[in-house]
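Hi there,

Here is the structure I promised to pass on to you. Have a look at it first, and then read on for my notes.

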Amino acid sequence: MLTPRSVDFPKWYQDVVAKAELAEGGPVRGTQVIRPYGYAIWERIQAELDSRIKAAGAKNAYFPLLIPQSYLIREADHVEGFSPELAVVTHGGGKALEEPVVIRPTSETIINAYFSKWVNSYRDLPLLINQWCNVVRWEMRPRLLLRSTEFLWQEGHTAHATEAEARAYALRILAEVYREVMVDVLGIPVLVGRKTERERFPGATTTWTCEAMMSDGKALQMGTSHELGQGFARAFGIEFSSEAGTSELVWQTSWGVSTRLLGALIMAHGDDAGLRLAPRIAPVQVVVVVVRDEDGAGPVASELVSSLVGAGVRAEADVRVESSYGRRITEWELKGVPLRIEVGPRDLASGTVAVVRRDSGEKLALAPGAVCSAVPRLLDEIQSAMLSGALSAREAGTADVASVAEAAEAAQSGFARIAWRVLGVDGEASLLRDGVSVRCLVGQDGALVALGAEDDAVAVVARAY
RNA sequence: CGGGCUGUGGCGCAGCUUGGUAGCGCGCUUGACUGGGGGUCAAGAGGUCCCGGGUUCAAAUCCCGGCAGCCCGACCA
């Protein structure tokens with residue numbers, strides 16, 4: 001069990017997934033190295049997101065890393081929200097720059113500068129752009145994977161003809177891209193809701209969020225989708241000629257998820273033996289471990305792997321028999337590989353191989369010929385067992401409360417649900433002093449709450465990473 | 001910017017109170033025995049004890065001054 005506060009991340013986390021390793025000459029505080037295995041997981045997350053983003057009509061593009069400082073100043077709320085955490089470049093080519101440039105903390109400004117050139121007519125809308133890149137935010141308190149100085153992410157930026165269209169698109173991304181990947185692929189249940197005014201993104205009119213409970217009861221914001229209104233459109237002059245021939249400002253959205261999702265995977269599913277990956281996200285779904293290459297174990301293992309691969313399973317053989325058996329399976333457990341198949345002389349003597357689930361530790365003996373048909377079913381079972389396990393943990397850790405004091409109390413160990421009417425902005429401020437924040441507003445039934453319809457909303461409050 | 005703490009082989013640490021030959025675990029090298037949950041034994045390699053000054057016959061240890069990092073609050077994908 002990961003413990004609050006101290007987790008940052010247990011040792012296995014750093015060994016397996018990421019570590020703020022230091023470069024020669026000294027690293028920048030809060031930066032991190034993503035090791036190959038962690039990056040392989042990230043690549044799978046990327047692929048799942050990317051295909052859904054494209055299905056939602058957005059196209060990938062790339063914009064400059066360096067943004068003139070003056071761009072960031074154009075949108076008042078935006079600059080106010082970001083200025084303390086900007087990394088500013090003052091020199092280039094051996095001399096001081098006339099105008100400093102900032103390393104992007106997010107790309108609203110530079111992308112909108114281009115949008116103003118790209119949008120002329122209603123025929124150019126909607127304009128749906130996504131960018132995969134790194135960004136830098138000089139956070140006061142960096143935290144490995146969860147809030148690092150530099151991180152990798154995807155940021156979407158769109159422009160629409162109407163507010164309704166923009167809102168619908170922001171919500172579509174939330175539901176069809178983020179929620180789907182987090183819940184159906186990563187196996188992490190999320191609450192989808194709206195941020196309070198206090199918590200919303202600088203420059204946005206409405207911020208929607210996906211919030212998850214980690215295994216220690218704390219909350220993690222896994223992704224956001226913002227309605228930007230017309231603020232940036234006004235600041236950057238993004239106008240179009242409507243069908244009626246009038247000149248109008250576009251309505252915009254932006255949305256992003258980051259390598260924080262790697263942190264979420266670890267903290268939502270990890271246990272004392274290491275990572276546990278849901279089968280759909282695992283770079284290796286099945287590892288076939290040759291215990292000792294005797295009595296035909298090696299050939300049986302490689303046959304198993306090739307038939308699994310042929311069946312579309314991401315399977316790998318571990319034939320490193322020169323290394324100790326215990327060491328090897330510990331390593332696979334650390335990596336969170338969902339299924340381990342052990343092939344050794346002892347198994348073969350009984351005409352079986354041992355199949356072990358990482359999620360539950362459950363072990364069963366199967367005839368080699370039965371493995372190929374059993375594995376996909378087992379992987380599905382693991383996928384849904386991990387999701388429902390996390391879901392019941394969240395439900396068990398969530399309390400319905402009727403007062404601010406009770407909310408503060410309940411949020412020490414999990415989530416608390418409290419009517420927004422009861423909490424209000426004053427209650428929100430008071431909770432913050434106890435380290436508890438409003439994670440999101442949801443309807444009584446968990447549905448989305450529109451702006452201005454807070455009276456019946458429920459605030460979900462928790463301590464957060 | 002406030003409050004606490006730590007700097008000692010590659011990594012993690014003990015030693016400091018009460019100065020006296022620099023230690024342990026992990027890792028690494030070599031060999032043997034092992035081999036179904038990070039194996040055992042043996043032999044090795046590896047350190048300007050963060051930096052500078054002071055006290056002393058003698059400083060990792062005591063004193064002064066720096067520097068660096070970590071943790072707790074304000075920031076956040």
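**What I found**

Of the 465 residues in chain A, 46% count as buried. Please keep in mind as you read that this is a predicted model.

Let me begin with the overall picture. Chain A contains 14 helices and 23 strands. Its radius of gyration is 25 Å, close to the 23 Å that the globule rule gives for 465 residues, so chain A is as compact as a globular protein of that length. Along the principal axes, the C-alpha atoms of chain A fill a box of roughly 80 × 60 × 50 Å. If you count the contacts in chain A with a separation of 6 or more, 68% of them are between residues 24 or more positions apart.

**The surface near the RNA**

Which residues come nearest to RNA strand B? Of the 43 residues around that strand, they are Arg147, Ser258, Gly326, Gly344 and Arg346. By class, the surface near RNA strand B is made up of 17 charged, 13 polar and 13 nonpolar residues.

Several elements supply at least two residues each to this surface: β11 (219-229), β14 (251-258), α10 (325-335), α11 (345-349) and β18 (353-357). The largest share comes from α10, with eight residues. You will meet α10 and β18 again in the next part, so they are good ones to have on screen.

**The five-stranded sheet**

Five strands make an open sheet with mixed pairing, in the order β16-β15-β17-β18-β19. At its edges are β16 (315-318) and β19 (363-366), each of which pairs on one side only. From one strand to the next, the twist averages 25°.

Within this sheet, β17 (residues 339-343) pairs with β18 in the antiparallel sense over four bridges. If you would like a pair to look up, Leu339 has Arg357 in β18 as its bridge partner.

Two helices lie across strands of this sheet. Helix α10 lies across β15 (286-290), β16 and β17, and runs at about 175° to β15. Helix α12 (residues 368-396) lies across β15, β17, β18 and β19, and its angle to β18 is about 5°. Thus β18 supplies at least two residues of the surface near RNA strand B, and it is also one of the strands that α12 lies across.

**The three-stranded sheet**

There is also an open sheet of three strands, ordered β4-β6-β5, with antiparallel pairing. Here the edge strands are β4 (66-68) and β5 (87-92), each pairing on one side only. Neighbouring strands of this sheet are turned by 50° against each other on average, direction ignored. Five bridges join β5 to β6 (residues 95-103), and these two strands run antiparallel. Across that pairing, Val89 stands opposite Val101 in β6.

**Some backbone details**

A few loop residues deserve a look as well.

- Leu125 and Pro126 are joined by a cis peptide bond, with omega about -5°. Pro126 is in the loop between α5 (108-118) and β7 (127-136).
- Leu145 has a positive phi, near 65°, in a residue other than glycine. You will find Leu145 in the loop between β7 and β8 (150-160). Is Leu145 buried or exposed? It has 27 C-beta neighbours inside 10 Å, so it counts as buried; the cut-off for that is 20 or more.
- Asp295 is not a glycine either, yet its phi is positive, at about 55°. The place of Asp295 is the loop between β15 and α9 (297-310). With 15 other C-beta atoms within 10 Å, Asp295 is partly exposed, because that class lies between the cut-offs of 12 or fewer for exposed and 20 or more for buried.

One more residue to visit is Arg35, in the loop between β2 (33-34) and α2 (36-55). Arg35 has 15 C-beta neighbours inside 10 Å and so counts as partly exposed. Arg35 and Val185 are 150 residues apart along the chain, and their C-alpha atoms are separated by 22 Å.

Happy browsing, and do write back with any thoughts.

Best wishes

Notes: Residues are numbered from 1 along each chain as its sequence is written. Chains are lettered from A and ligands numbered from 1 in the order in which they are written. This is a predicted model: local features need pLDDT of at least 70, side-chain atom pairs count only at pLDDT 80 or more; totals for chains, interfaces and linings use all residues. The radius of gyration is taken over C-alpha atoms; the globule rule is 2.2 Å times the number of residues to the power 0.38. Two residues are in contact if their C-beta atoms, placed from the backbone, lie within 7 Å. A residue is near a molecule or strand if its C-beta atom, placed from the backbone, lies within 6 Å of it. Ala, Val, Leu, Ile, Met, Phe, Trp, Tyr, Cys and Pro count as nonpolar, Asp, Glu, Lys and Arg as charged, and the others, Gly among them, as polar. Two strands pair if DSSP finds at least two bridges between them. Axes are lines fitted to C-alpha atoms, for helices over the stretch in contact, and angles run from 0 to 180 degrees between N-to-C directions.
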